[in-house]
Amino acid sequence: MRKKIVAGNWKMNKNLAETEALLSDLKSKLGNISGTQIIVAPTFVNLQKANEELTQVNIDVAAQNMHQSENGAFTGEISADMLNNIGVDTVILGHSERRAYFGETDALLAQKVDTALTHNMTIIFCFGEELQDRKSENHFAVVENQLKNGLFHIDTNAWKNIVLAYEPVWAIGTGETASPEQAQEMHAFIRSAIAKAYDQTIADEVSILYGGSVKPNNAEEIFAKQDVDGGLIGGAALDAESFTAIANAL
Ligand code: PGA
């Protein structure tokens, strides 16, 4: 059975005091949820605090990024070991903002994936087409290439550490969502690409989240689709009430 997951990507939002306040709200609203895995991804400097706050409840903590090297002269970067050492074993890789603003390529992401797997971390691997790709009807090819070049080199047994997040770039932070039909169509395509590259069992078992302007008023219809196993939430994850409503819609 595929895991149902709702993950909140807080991006560069919430200082320590704000993080504590939001976590405290989330703990009381979602701490006892069952059947859905809840993940929050605060900024690096607040990860340790978040992990301490959430030890007693059913909410997991993820990092938003990490470096591909084990350690060394990489000023400003964070390693997998540093994350593991504070109890963080989930990482978001390949978010479109990392790709667009920080030059992360598929080849670089393939290295990050390998490093994370070496540390037995769970990876929320993000990918998705840009508006021009969809307009020119290249969206399936773009998505398949992102998967092939960034992820499809991993061993069969590494798939248990993978969660996919399909996030069409044109829907992120724009208020425009893919329709439930567009999300379903792409998620089904992603499963078929995995079945082709690996096998049907892996394709059937991996959780595929949808991301891009998921809000309380549209979550239910998107999550109702057969191949959508949850969401990666940006803006609406910054508010406990919205995030809770979205989690409860799954
Ligand atoms: P959004 O962000 O929900 O604000 O569109 C989604 C994401 O970037 O993961």
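In this predicted model, strand E4, which spans residues 90-93, is covered on both of its faces, with Thr90 and Ile92 buried on one side and Val91 and Leu93 buried on the other. This arrangement follows a general pattern, in that the side chains of a regular strand alternate between the two faces of the sheet. Strand E4 pairs in the parallel sense with strand E5, residues 122-127, over 4 bridges, and within E5 it is Thr122 that serves as the bridge partner of Thr90.

The ligand is surrounded by Lys11, His95, Glu167, Ala171, Ile172, Gly173, Gly212, Ser213, Leu232, Ile233, Gly234 and Gly235, a shell that comprises 4 nonpolar, 6 polar and 2 charged residues. Oxygen atoms of the ligand take part in polar contacts with this shell: a side-chain N or O atom of Lys11 lies 2.7 Å from a ligand oxygen, a polar side-chain atom of Glu167 lies 2.6 Å from a ligand oxygen, and a polar backbone atom of Gly173 lies 2.7 Å from a ligand oxygen. Taken alone, the ligand exposes 280 Å², of which the protein buries 97%.

Aromatic side chains form 7 pairs in the model. One of these is the edge-to-face pair of Phe152 and Tyr198, whose rings are 5.7 Å apart from centre to centre, with 85° between their planes. Because Phe152 lies in the loop between helix H7 (139-150) and strand E6 (162-166), whereas Tyr198 lies in the loop between helix H8 (180-197) and helix H9 (200-205), the pair ties together parts that are 46 residues apart in sequence. Both Phe152 and Tyr198 are buried. In addition, Phe125, Phe127, Tyr166 and Tyr210 form one aromatic cluster.

Notes. Residues are numbered from 1 along each chain as its sequence is written. This is a predicted model: local features need pLDDT of at least 70, side-chain atom pairs count only at pLDDT 80 or more; totals for chains, interfaces and linings use all residues. Side-chain values use heavy atoms; hydrogens and water are left out. Buried means under 20% relative accessible area, exposed over 50%, partly exposed in between (1.4 Å probe, protein chains only). Helices (H or I, at least four residues) and strands (E, at least two) are DSSP runs, numbered from the N terminus. Two strands pair if DSSP finds at least two bridges between them. A residue is near a molecule or strand if one of its heavy atoms lies within 4 Å of it. A polar contact is a pair of N or O atoms within 3.5 Å; within protein, one must be able to donate a hydrogen and the other to accept it, and residues adjacent in sequence count only if both atoms are side-chain atoms. Accessible areas come from the Shrake-Rupley method with a 1.4 Å probe; for residues, only the protein chains shown count as cover. Ala, Val, Leu, Ile, Met, Phe, Trp, Tyr, Cys and Pro count as nonpolar, Asp, Glu, Lys and Arg as charged, and the others, Gly among them, as polar. Rings of Phe, Tyr and Trp (its six-membered ring) pair if their centres lie within 6.5 Å; planes under 30 degrees apart count as stacked, over 60 as edge-to-face and the rest as tilted.
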